[in-house]
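Trainee: I'm new to this one. Could you walk me through how its helices pack and what sits in the middle?

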Amino acid sequence: MSLIVFLFGFIAYNRGGDDMKKDKNMIRFTMTAMFMALTIALSSFGIPVPGGHLYLNDMVIVTGALLLNPLEALLAGGIGAFLGDAIFYPAPMFVSLVTHGLQAYVISKLAHNQDGSRKSFTHCLVAVLVGAIVMVGGYTYGRAMIYATYEAAMLKLPFQVLQALFGVVVSLVVVFKTSIPEVFDRKVKR
């Protein structure tokens, strides 16, 4: 997998253009890959709950969505969750691809202005709450389809809400109470 990421980065870097633009593209690509890798890694850590596990990858997906542009967020969240599930628990991997990809895209789209700058705390709060609804709704529907029972989906619903809210709180703290976004924006000028 690392080889594939390296090859994509190498191709993206060597496409031509001025060096400054290539450097910014490489930094953006690297940051997207980093969020994808963190999502995959945190897909392996689950807290056992009735009907499955409570995963910690939501905090990375939501934080990434607040920092990355919508396309990068979609790739990091969707593909990262898909690969994490493919490695650790393949049954819901396509549900994860669509649900977390859409969640990250919606959050990023709602949380950024046209010029790519981040909106206010209130706008970001609304964005992550809408993303939480997308995640909970997507997984509830997906779980009902995978296991073919409404009851199986409802059993995990409170834990999906808890996972979504955990991701909301942690990401807002990281983005609005630490210096990470300033460093990120300085390194990855939009």
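Mentor: Let's take the helix pairs, then the core, then one loop residue. This is a predicted model, where local features need pLDDT of at least 70, side-chain atom pairs count only at pLDDT 80 or more, and totals for chains, interfaces and linings use all residues. Residues are numbered from 1 along each chain as its sequence is written, and side-chain values use heavy atoms, leaving out hydrogens and water.

Trainee: Why are H3 and H7 called oblique to each other?

Mentor: Helix H3 (residues 57-67) and helix H7 (residues 150-177) pack at about 45°, with axes 8 Å apart. Angles under 35 degrees count as roughly parallel, over 145 as roughly antiparallel, 65 to 115 as roughly perpendicular and the rest as oblique. The angle of about 45° fits none of the named ranges, so this pair is oblique.

Trainee: What makes the contact between them?

Mentor: On the H3 side, residues including Met59, Val62 and Leu66 take part, and on the H7 side Phe166, Val170 and Val174 are among them. Contact means heavy atoms within 4.5 Å. By class, the contact of H3 with H7 has 10 nonpolar, five polar and one charged residue.

Trainee: And what makes H4 and H5 roughly antiparallel?

Mentor: Helix H4 (residues 70-88) and helix H5 (residues 93-111) pack at about 155°, their axes 7 Å apart. That angle is over 145, the cut-off for roughly antiparallel, so the name follows. Among the residues that meet are Ala73, Gly77 and Ala81 in H4, and Leu97, Gly101 and Ala104 in H5. This contact of H4 with H5 divides into 12 nonpolar, six polar and two charged residues.

Trainee: What makes a set of residues a nonpolar core?

Mentor: They must be buried Ala, Val, Leu, Ile, Met, Phe, Trp, Tyr or Cys, joined through side-chain atoms within 4.5 Å; buried means under 20% relative accessible area (1.4 Å probe, protein chains only). Here the largest such core has 30 residues, and Phe35, Leu66 and Leu172 are among those with the most contacts inside it. H6 (121-147) is one of the helices that each supply at least two residues, and its seven residues are the largest share. Leaving aside neighbours within four places in sequence, Phe35 touches partners including Val60, Leu67, Leu68 and Phe184.

Trainee: Where is Phe45?

Mentor: Phe45 lies in the loop between helix H2 (19-42) and strand E1 (46-49). Beyond its neighbours within four places in sequence, Phe45 is in contact with Leu54, Tyr55 and Leu56. The C-alpha atoms of Phe45 and Asn57 are 8.2 Å apart, with the two residues 12 apart along the chain.

Technical notes
Axes are lines fitted to C-alpha atoms, for helices over the stretch in contact, and angles run from 0 to 180 degrees between N-to-C directions. Helices (H or I, at least four residues) and strands (E, at least two) are DSSP runs, numbered from the N terminus. Ala, Val, Leu, Ile, Met, Phe, Trp, Tyr, Cys and Pro count as nonpolar, Asp, Glu, Lys and Arg as charged, and the others, Gly among them, as polar. Buried means under 20% relative accessible area, exposed over 50%, partly exposed in between (1.4 Å probe, protein chains only).
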